[in-house]
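Visitor: Before we discuss any single claim, I would like to see the sequence and the structure together. After that, please justify the words you use for them.

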Amino acid sequence: MIERNTVKTVVEEWLSGNDYFLVDVTFTPDDRIVVEIDHADGVWIEDCAELSRFMQERLGEELGDYELEVGSAGIGQPFKVEQQYVNHIGKDVEVLDAEGKKVQGVLKQVEGRNFVVTVKEKQKLEGKKRPQLVEVDKTYNMDNIKYTKYLLSFK
């Protein structure tokens, strides 16, 4: 029986010579090992195939009856690691906070496990009759939200 850490070690060995980063390693109930990788400029199928071959060479018999699946983290899927946040600075994201409130805005900054999203909110400004849309920075902690994901836009 192969262990998750063994798989991660082999994946990270391949990643050390590339600009890719590991997002997740999952063992599914139907005996599949799913490896998700990502890259600032997107993931190429050729690189997924190369990583898959590398893993099969390194792990060989240890893979046993497991089916190996290597792919990208998937656009529009919730972020799982800090590097995904960093790669999306300046882009539109959607955040679902711990209270269930959903906000959409531009990912402005990432510092450790905290990140800032600039959102537009209606506020009553002095001297104005109606509330105005103003940009407000909201700070979140990655550990205290339900998800953050890239917001696909077809403008």
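Visitor: How do you know how many helices and strands the chain has?

Guide: The elements are DSSP runs, numbered from the N terminus, where a helix is H or I over at least four residues and a strand is E over at least two. By that rule the chain comes to three helices and eight strands, and from the N terminus on they follow the order α-β-β-α-β-α-β-β-β-β-β. This is a predicted model, in which local features need pLDDT of at least 70 and side-chain atom pairs count only at pLDDT 80 or more, while totals for chains, interfaces and linings use all residues. Residues are numbered from 1 along each chain as its sequence is written, and side-chain values use heavy atoms, with hydrogens and water left out.

Visitor: What is the radius of gyration of the chain, and what would a compact globule of 155 residues have?

Guide: The radius is taken over C-alpha atoms, and the globule rule is 2.2 Å times the number of residues to the power 0.38. For 155 residues a compact globule would come near 15 Å, but the chain has 20 Å. Along the principal axes, the C-alpha atoms fill a box of roughly 75 × 30 × 30 Å.

Visitor: What makes β1 and β2 a pair of strands?

Guide: Two strands pair if DSSP finds at least two bridges between them. Strand β1 (residues 21–27) and β2 run antiparallel and are joined by six bridges, so the pairing criterion is met. One of the bridge partners is Ile 33 in β2, matched with Phe 27. The two strands form a hairpin with four residues between them, and in the turn Asp 31 has a positive phi of about 60°.

Visitor: Which strand runs parallel to β2?

Guide: That is strand β3 (residues 67–72), which is joined to β2 by six bridges; there, Ile 37 stands opposite Ser 72.

Visitor: Why is Ile 33 called buried?

Guide: Buried means under 20% relative accessible area, exposed over 50%, and partly exposed in between, with a 1.4 Å probe and protein chains only. Ile 33 has a relative accessible area of 0%, and it is therefore buried. Its strand, β2 (residues 32–38), is mostly covered, with six of its seven residues buried, while for the chain 37% of the 155 residues count as buried.

Visitor: What is Ile 33 in contact with, leaving aside neighbours within four places in sequence?

Guide: Contact means heavy atoms within 4.5 Å. On that basis the partners of Ile 33 include Ile 2, Val 7, Val 25, Phe 27, Leu 63, Tyr 66 and Glu 69. The C-alpha atoms of Ile 33 and Glu 69, which are 36 residues apart along the chain, are separated by 6.0 Å.

Visitor: Is His 88 buried or exposed, and why?

Guide: His 88 has a relative accessible area of 14%, and so it is buried. His 88 is found in the loop between α3 (82–87) and β4 (92–97), and it touches Phe 79, Leu 107 and Tyr 150, not counting residues up to four places away in sequence.

Visitor: Why is Gln 77 put into its class of exposure?

Guide: With a relative accessible area of 43%, Gln 77 falls between the two cut-offs and is therefore partly exposed. Gln 77 has its place in the loop between β3 and α3, and, leaving aside its neighbours within four places in sequence, it is in contact with Thr 148 and Lys 149.
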